[in-house]
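Student: Hey, got a minute to go through this one with me? I'd like to start with the chains and then look at pockets and helices.
Tutor: Sure, let's pull it up.

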There are 2 protein chains.
Amino acid sequence: MKKFAVVLAGCGVFDGAEIHEATLTMLAIMKQGATYEVFAPDIQQHHVLNHLTGEEMKEKRNVLIESARIARGKIKDLKNYEANNFDALIFPGGFGVAKNLCDFAFKGADCKINPDVEKAILKTASKNKPIGALCISPVILAKIFGDVEVTIGQDKGTAEGIEKMGSTHVRTTHGEVIIDEKNNLFTTPCYMLDANIVQIAEGAENIVRAMMGRMK
Amino acid sequence: MKKFAVVLAGCGVFDGAEIHEATLTMLAIMKQGATYEVFAPDIQQHHVLNHLTGEEMKEKRNVLIESARIARGKIKDLKNYEANNFDALIFPGGFGVAKNLCDFAFKGADCKINPDVEKAILKTASKNKPIGALCISPVILAKIFGDVEVTIGQDKGTAEGIEKMGSTHVRTTHGEVIIDEKNNLFTTPCYMLDANIVQIAEGAENIVRAMMGRMK
């Protein structure tokens with residue numbers, strides 16, 4: 001049975017992992033006959049946002065502990081990820097990706113990637129196993145690889161950031177998957193477009209199917 | 001277009017709404033051509049649990065604000081729910097239902113129901129519109145109505161609590177929906193059974209389909 005590692009960035013679209021994208025990625029994996037384990041870095045969130053008002057809350061939360069809410073407690077520190085034990089690595093989206101897994105939300109093309117995230121991606125790539133990224137997550141691939149082809153949908157500012165990092169942005173709409181053949185990378189826009197939950201399910205199914213098709 | 005009101009109990013299986021059940025209920029509604037609005041009571045959570053360790057955290061969180069994470073900010077105070085504006089009311093599960101929406105987790109058959117939850121259910125029932133409950137949520141219907149037929153799957157202690165409140169518990173397995181014809185109530189076990197995420201998606205689809213079939 002093929003096994004995905006799913007990497008989360010917290011729990012909630014505005015400061016963590018986007019919950020629908022995370023849940024529907026797990027659903028897509030299992031529906032297509034594969035299985036998964038969930039990972040997150042053991043670091044403090046950049047900040048905590050009240051998802052009702054959008055205002056910052058005077059709290060501190062931990063990315064691994066909050067991600068455990070989506071994973072129902074079954075989650076591991078990303079430090080312990082071993083590429084040898086998995087067939088693919090996939091990143092659902094959410095602003096937490098651009099705030100916790102890297103700082104693209106604040107620094108754009110000059111962003112830094114969390115070391116555990118970068119190591120997980122490089123180790124997976126070194127074995128030429130597929131890496132998937134939904135929503136805003138492709139910015140991490142653009143930063144690490146520097147010359148890849150990805151999509152985040154149609155957002156002009158983000159697309160310009162990706163081009164500035166040396167990569168090529170492909171404009172897409174709901175459910176489309178861009179495949180970088182050379183590096184075995186898969187990206188799809190999800191909630192980077194104005195989307196509904198059925199479109200997110202389709203995007204997740206399409207990217208997982210594309211990745212499954214390239215596994216050895 | 002038919003419209004559901006979805007009521008959440010926080011964000012996370014152990015102290016709030018079960019995230020997969022909540023997400024997959026919304027997906028099932030939209031996949032079947034209906035729409036939804038999300039509600040939660042504006043109250044403090046009973047407690048906050050670290051979902052990685054299971055331990056209580058010295059924090060306070062609000063049910064409405066945390067539920068907003070699952071709803072991507074589009075959520076209303078349950079106080080403002082008007083049964084006239086909806087065709088059905090549905091409760092995903094999670095321990096938060098038994099800790100925040102009522103206190104069944106602590107008091108069993110002697111539990112009290114949150115007044116906003118009780119009012120929403122009674123107003124919906126008074127118009128004979130379908131009410132759905134996943135996972136542990138059927139205990140609320142058993143308490144309010146006292147003589148209904150529901151399922152929470154196979155958990156002996158919870159089933160006994162339901163019988164003690166005067167209702168009938170029907171033993172079920174994955175994806176089955178019990179319909180109380182007289183009161184127009186729909187229940188399905190989801191994660192009250194040892195289930196995987198595909199089985200949760202099936203349970204959510206089946207209960208939503210059954211409810212859609214009974215709408216006027």
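Student: What rotation and shift superpose chain A on chain B?
Tutor: Keep in mind this is a predicted model. A rotation of 180° with 0.0 Å of shift along its axis puts chain A on chain B, with an RMSD of 0.0 Å.

Student: OK, and what relation is that?
Tutor: That's the relation of a two-fold axis.

Student: Which surface do the copies use to touch each other?
Tutor: Both copies use the same surface, and 100% of the contact residues of chain A recur in chain B.

Student: Switching to pockets. What's the volume of the largest pocket?
Tutor: It holds about 470 Å³ of space. The lining has 20 residues, and the closest to the centre are Y36(A), A71(A), R72(A), K74(A) and A195(B).

Student: Which elements of chain A supply at least two residues each of that lining?
Tutor: Helix 1 (19-31), strand 2 (35-40) and strand 5 (75-77) of chain A. Strand 2 of chain A gives the largest share, four residues.

Student: And how does the lining of the largest pocket split by class?
Tutor: Twelve nonpolar, three polar and five charged residues.

Student: What about the second largest pocket, what volume has it got?
Tutor: About 390 Å³. It's lined by 19 residues, with A195(A), Y36(B), A71(B), R72(B) and K74(B) nearest its centre. The elements giving two or more residues to that lining are helix 1 (19-31), strand 2 (35-40) and strand 5 (75-77) of chain B.

Student: Which element has the largest share there?
Tutor: Strand 2 of chain B, with four residues. By class, the lining of the second largest pocket has eleven nonpolar, three polar and five charged residues.

Student: Now helices. How do helix 5 and helix 6 of chain A cross?
Tutor: Helix 5 (residues 115-126) and helix 6 (residues 138-145) of chain A have axes that come within 11 Å and cross at roughly 70°. Angles of 65 to 115 degrees count as roughly perpendicular, so helix 5 and helix 6 of chain A are roughly perpendicular to each other.

Student: Which residues meet there?
Tutor: From helix 5 of chain A, you've got V117(A), E118(A), I121(A), L122(A) and A125(A). They meet I140(A), L141(A), I144(A) and F145(A) in helix 6 of chain A.

Student: How many charged residues are in that contact of helix 5 with helix 6 of chain A?
Tutor: One, alongside eight nonpolar and no polar residues.

Note on methods:
Residues are numbered from 1 along each chain as its sequence is written. Chains are lettered from A and ligands numbered from 1 in the order in which they are written. This is a predicted model: local features need pLDDT of at least 70, side-chain atom pairs count only at pLDDT 80 or more; totals for chains, interfaces and linings use all residues. Side-chain values use heavy atoms; hydrogens and water are left out. On a 1 Å grid over the protein atoms alone, a cavity is a set of points where a 1.4 Å probe fits but cannot get out, and a pocket is an open set with protein on both sides within 12 Å along at least five of seven lines; lining residues have an atom within 4 Å of a point. Grid points are joined across faces, edges and corners, and a volume is the space filled by probe spheres set on the points. Ala, Val, Leu, Ile, Met, Phe, Trp, Tyr, Cys and Pro count as nonpolar, Asp, Glu, Lys and Arg as charged, and the others, Gly among them, as polar. Copies are superposed by least squares on the C-alpha atoms of residues with pLDDT of at least 70 in both. Contact means heavy atoms within 4.5 Å. Axes are lines fitted to C-alpha atoms, for helices over the stretch in contact, and angles run from 0 to 180 degrees between N-to-C directions. Angles under 35 degrees count as roughly parallel, over 145 as roughly antiparallel, 65 to 115 as roughly perpendicular and the rest as oblique.
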